[in-house]
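User: I've got a model with a ligand in it, and I'd like to know what stands behind the labels people put on it. Can you walk me through them?

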Amino acid sequence: MIMIVNLSCYMKYNKVLITGGLGFLGYHCVERWLEDDCEITVVDNLSSNAVNKDNLIYDQVSVIEDNILNLDVKDFSKFDIILHLASPVGPVGVLKHSGTMGKTIIDTTQWAIDVSRKNKMPLIYISTSEIYGYREQKTKLKETDDKILHGDFTVRNEYSISKLLAEIIIKNNSKIDKDFKFQIIRPFNVTGKYQLPDGGFVLPRFVNQALNDEDITVYYDGSQLRAFTWVKDIVEGIYLTTKASEEYWNEIWNIGNENNEKSIKYLAEKVIGYTKSNSKIVSVDPVEIHGELFAEAPEKIPDSTKIRSFLNWEPKKSADEVVLEVVNYFEGITNK
Ligand SMILES: NC(=O)c1ccc[n+]([C@@H]2O[C@H](COP(=O)([O-])OP(=O)(O)OC[C@H]3O[C@@H](n4cnc5c(N)ncnc54)[C@H](O)[C@@H]3O)[C@@H](O)[C@H]2O)c1
């Protein structure tokens, strides 16, 4: 009997390029690829970085502090793979990019495609679950589901539609260039250590409010549902897509933990419990805080069957464990 072993799943990338590698997700990617003893180059323009260059004290990591659009794609010929994460992000973080973000997302994605195609290395594109748009009723979202745009055009739409257009452009490049290899990742509600409250991310905001005994401000009645997914579970999913065998390339992958579905109010209560804070939970209108450009996120629950069944992805942390990690992280910073 002849046994066929598919060796491509053991593919090793020695030189890894990570755009946005000083960001929250990007930095966790750096940590994951360091486990493989890769040489890593990070490009980051420090526009919304979660960590500083000083955090990357490893010999195998070098950092270019610049906008990727200032850099010549030909200078990246030595890399084996590019992970493209650099982007405006966050429900509040995107507001200052109103009217210019569409062009930024497309230009930066085109830069990543050019790096990939010109230098013949696979592109891992970090998209977003926001591309699914709105549902009237709670739905577990599959990769092939319709993308629904309804209502007024919001800044949130500028973000989500540009990320979707970036996906379409990537896919269509593969139709004209058979050598172009990509994976598109749609993370759902990522949270964990190093995430900052600045971009409007709910868990670090609640934890900081609780540690300062301030009111925990829940938008509207707090019944909105989210599938909070531990950042290292997301990164492991991204990593698995890079190790996939040939038939699982040029694919789109949801990564999100549907078992972690919780309401925002539940999250606030957990934060108070873990921090033993005297904070009160109060309901607020986010538009009064952030202005007319702000739009609350639609409910987004993933169907992650595809990555679970084809790449054996299995998330490790429950929502409560992730809340505890973020509490411990900010308590550690506060007590320094
Ligand atoms: N955080 C989430 O919940 C989430 C969910 C889904 C998708 N994503 C996607 O994941 C990616 C990373 O998000 P994050 O939460 O880590 O955000 P982040 O803001 O922490 O990281 C993005 C990094 O990219 C850098 N950057 C932005 N534009 C740049 C440019 N032109 N050149 C060089 N560097 C640039 C920023 O300084 C920052 O360090 C984004 O593409 C985002 O759309 C995030």
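Analyst: Let's take the ligand site and then the cores. This is a predicted model, so local features need pLDDT of at least 70 and side-chain atom pairs pLDDT 80 or more, while totals for chains, interfaces and linings use all residues. Residues are numbered from 1 along each chain as its sequence is written, and side-chain values use heavy atoms, leaving out hydrogens and water.

User: What makes lysine 163 a polar contact of the ligand?

Analyst: A polar contact is a pair of N or O atoms within 3.5 Å. A polar side-chain atom of lysine 163 lies 2.9 Å from a ligand oxygen, so the pair qualifies. With isoleucine 68 a backbone N or O atom does the job, 3.1 Å from a ligand nitrogen. Valine 190 also uses a backbone N or O atom, 3.4 Å from a ligand oxygen.

User: How much of the ligand does the protein cover?

Analyst: On its own the ligand has 820 Å² of accessible area (Shrake-Rupley, 1.4 Å probe), and the protein covers 94% of that.

User: Why is Ile68 called a core residue?

Analyst: A nonpolar core joins buried (under 20% relative accessible area, 1.4 Å probe, protein chains only) Ala, Val, Leu, Ile, Met, Phe, Trp, Tyr and Cys residues through side-chain atoms within 4.5 Å. The largest such core has 59 residues, with Val16 and Ile40 among those with the most contacts inside it. Apart from it lies another core, of 31 residues, and Ile68 is one of them, so the label fits.

Key:
Polar contact = N/O pair within 3.5 Å; in protein donor to acceptor, adjacent residues only side chain to side chain. Buried < 20%, exposed > 50% of the residue type's maximum accessible area, 1.4 Å probe, protein only.
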